[in-house]
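I opened this entry to look up how the chain is built. I go from strand pairing to one loop residue and then to the whole protein.

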Amino acid sequence: MTDAQRQEKDAMIKAYLESLGLFQESRNILIYYSCNGEADTLSVMRKWMEKRNFYLPRLTSANSFLALPVTSMEDLEINAYGIHEPGL
């Protein structure tokens, strides 16, 4: 995919997500921190941080995680896999 195609798809995904009644009614949202070409979630988090509580996974082992609140994008730590996650 070209950068322009990726941006177009990301915008479509974001618009669809924001149009969902479940998203509009929710105050607490578990989401992932996008990286390595994944669908963009960061713009959604940045746009809605003031009106929604976002939670990101923090790995506790190879097959489990805690869902922890994101209080600031700047406070996230990078784990051993290069993924941003909330600190403890």
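I needed one definition before reading the hairpin: two strands count as paired if DSSP finds at least two bridges between them. I also note that this is a predicted model.

**Entry: the hairpin**

I looked up what joins S2 to S3, and found a hairpin that does so through 2 residues. S3 covers residues 64-69, and 6 bridges join S2 to this strand. The two strands run antiparallel. I then checked single positions. Ser 61 has Ser 64 in S3 opposite, and Leu 56 stands opposite Leu 68 of S3.

**Entry: the other partner of S2**

Next I looked at S1, which is made of residues 28-30. It pairs with S2, residues 53-61, in the parallel sense, and I read 3 bridges for this pair. How does the chain get from S1 to S2? I followed the chain from S1 through helix H3, residues 42-48, and on to S2. This β-α-β crossover is right-handed. For one bridge I noted the residues: Asn 28 has Asn 53 in S2 as its partner.

**Entry: Thr 41**

I picked a residue on the path of that crossover. Thr 41 sits in the loop between S1 and H3. Is Thr 41 buried or exposed? I found a relative accessibility of 6%. Buried means under 20%, so Thr 41 counts as buried. I then listed what Thr 41 touches, leaving out residues up to four places away in sequence: Ile 31, Tyr 32, Tyr 33 and Ser 34. I also looked up a distance from this residue. Pro 86 is 45 residues from Thr 41 along the chain, and their C-alpha atoms are separated by 15 Å.

**Entry: the whole protein**

I closed with the overall values. I counted 3 helices and 5 strands in the protein. From the N terminus on, I wrote the order of the elements as α-α-β-α-β-β-β-β. The C-alpha trace spans about 35 × 35 × 25 Å along its principal axes.

How much of the protein is buried? Of the 88 residues, 28% are buried. I put the exposed area at about 6,200 Å², with 54% of it supplied by carbon and sulfur atoms.

For contacts with a separation of 6 or more, I noted that 42% are between residues 24 or more positions apart. Last, I looked up the charges: there are 9 positive and 12 negative ones, and their mean positions are 6 Å apart.

Technical notes
Residues numbered from 1 in each chain as written. Predicted model: local features only at pLDDT ≥ 70, side-chain atom pairs only at ≥ 80, totals over all residues. Heavy atoms only, no water. Helix = DSSP H or I, 4+ residues; strand = E, 2+ residues; numbered from the N terminus. Right-handed = clockwise from strand over helix to strand, strands pointing away. Buried < 20%, exposed > 50% of the residue type's maximum accessible area, 1.4 Å probe, protein only. Contact = heavy atoms within 4.5 Å. Areas by Shrake-Rupley, 256 points an atom, 1.4 Å probe, with all protein chains shown as cover. Lys, Arg positive; Asp, Glu negative; His and termini not counted. Charge placed at Lys NZ, Arg CZ, Asp CG, Glu CD.
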